[in-house]
Amino acid sequence: MSNKFEVVLEKLPEVCFSRVSFDDGALLVQGGRDDGAIAIEVNFPGVHFVGISDEGSRLRLLRELEGIRGAILRSKSDPVMKNFIAESLDTLDGVELSHYILMLGEEVIDVISGYDPDVKMI
């Protein structure tokens, strides 16, 4: 795996769907099983950016991760964070932000936040 990524949590429960809720800056990501039961919840009390994509459209990332699935990663240096900072006209440069990558089911969820996620296995 590229040294750009730090594994925050690996071996998450196998899920077949993701549900994302955003309310007044707070983010809740749930991963569910075939029977509809929620297996994992990931909470961020505040976020600056959320992006959701199908893993099939993130082939370069998957190649860099060398097959890692079912994990939460923190990126140390990547284009998503650089582009986000540039979009802010560098007003967020120097702000303590992290880019998290949630690999749940077949979705890749990018989150830029100043908070660490609170993860609950259900």
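Is K11 buried or exposed? With 73% relative accessibility, K11 is exposed, and the legends below return to this residue after a tour of other close-up views. Please keep in mind that the structure shown here is a predicted model.

**View 1. The largest pocket and its lining.**
This view looks at the largest pocket, which holds about 260 Å³ of space. The lining is made of 13 residues, and R58, R60, L61, P79 and V80 are the ones closest to the centre of the pocket. Three elements, α1 (59-64), α2 (79-87) and β7 (98-104), each contribute at least two residues to the lining. Among the contributors, α1 gives the most, with 4 residues. Sorted by class, the lining has 6 nonpolar, 5 charged and 2 polar residues.

**View 2. The largest nonpolar core.**
Here we turn to the largest nonpolar core, a group of 15 residues in which V29, V42, F44, L102, L104 and V111 touch the most other members. Strands β3 (26-32), β4 (38-44), β7 and β8 (107-113) each bring at least two residues to this core. The largest share comes from β4, which supplies 4 residues. As general background, nonpolar side chains in soluble globular proteins tend to be buried together.

**View 3. L102 and its surroundings.**
Which residues does L102 touch, leaving out those up to four places away in sequence? They are V29, V42, F44, A71, I72, E107, V108, I109 and V111. Apart from the largest core there is another core, of 9 residues, with F5, L61, L62 and L65 among them. L61 has already appeared in View 1, as one of the residues closest to the centre of the largest pocket.

**View 4. A salt bridge between K120 and E41.**
The whole structure contains 6 salt bridges, and this close-up shows one of them, in which the side chains of K120 and E41 meet at 3.7 Å, N to O. K120 sits in strand β9 (residues 118-121) and E41 in strand β4, so the pair ties together parts of the chain that are 79 residues apart in sequence. K120 is partly exposed, with a relative accessible area of 45%, while E41 counts as buried at 15% relative accessibility. In general, side chains of opposite charge can pair when their charged atoms come close.

**View 5. A salt bridge between R58 and D110.**
How far apart are the closest N and O atoms of R58 and D110? They are 2.6 Å apart, and the two residues form a salt bridge. This pair links distant parts of the chain, 52 residues apart: R58 belongs to the loop between β5 (49-54) and α1, and D110 to strand β8. R58 is buried, with a relative accessible area of 16%. D110 counts as buried too, at 5% relative accessibility. R58 is also one of the residues closest to the centre of the largest pocket.

**View 6. R74, D116 and their network.**
The side chains of R74 and D116 meet in a salt bridge at 3.3 Å, N to O. R74 is found in strand β6 (residues 72-75) and D116 in the loop between β8 and β9, so far along the chain that 42 residues separate them. R74 is buried, with a relative accessible area of 18%, whereas D116 counts as exposed at 54% relative accessibility. Salt bridges that share partners join R74, D116 and E6 into one network.

**View 7. Two loop residues with positive phi.**
Now we come back to K11, whose place is in the loop between β1 (5-9) and β2 (17-23). K11 has a positive phi of about 60°, although K11 is not a glycine. L89 is another non-glycine residue with a positive phi, near 55°. The place of L89 is in the loop between α2 and β7, and L89 counts as exposed at 73% relative accessibility. For background, most residues other than glycine have a negative phi.

**View 8. S113 and its contacts.**
The last view centres on S113, a residue of strand β8. At 1% relative accessibility, S113 counts as buried. Leaving aside neighbours within four places in sequence, S113 is in contact with F44, G46, V47, E96, L97, S98 and Y100. S113 and P45 are 68 residues apart in sequence, and their C-alpha atoms are 8.8 Å apart in space. F44, one of the contacts of S113, is also among the core members that touch the most others in View 2.

Note on methods:
Residues are numbered from 1 along each chain as its sequence is written. This is a predicted model: local features need pLDDT of at least 70, side-chain atom pairs count only at pLDDT 80 or more; totals for chains, interfaces and linings use all residues. Side-chain values use heavy atoms; hydrogens and water are left out. On a 1 Å grid over the protein atoms alone, a cavity is a set of points where a 1.4 Å probe fits but cannot get out, and a pocket is an open set with protein on both sides within 12 Å along at least five of seven lines; lining residues have an atom within 4 Å of a point. Grid points are joined across faces, edges and corners, and a volume is the space filled by probe spheres set on the points. Ala, Val, Leu, Ile, Met, Phe, Trp, Tyr, Cys and Pro count as nonpolar, Asp, Glu, Lys and Arg as charged, and the others, Gly among them, as polar. A nonpolar core is a set of buried Ala, Val, Leu, Ile, Met, Phe, Trp, Tyr and Cys residues joined through side-chain atoms within 4.5 Å. Buried means under 20% relative accessible area, exposed over 50%, partly exposed in between (1.4 Å probe, protein chains only). Contact means heavy atoms within 4.5 Å. A salt bridge is a side-chain nitrogen of Lys or Arg within 4 Å of a carboxyl oxygen of Asp or Glu.
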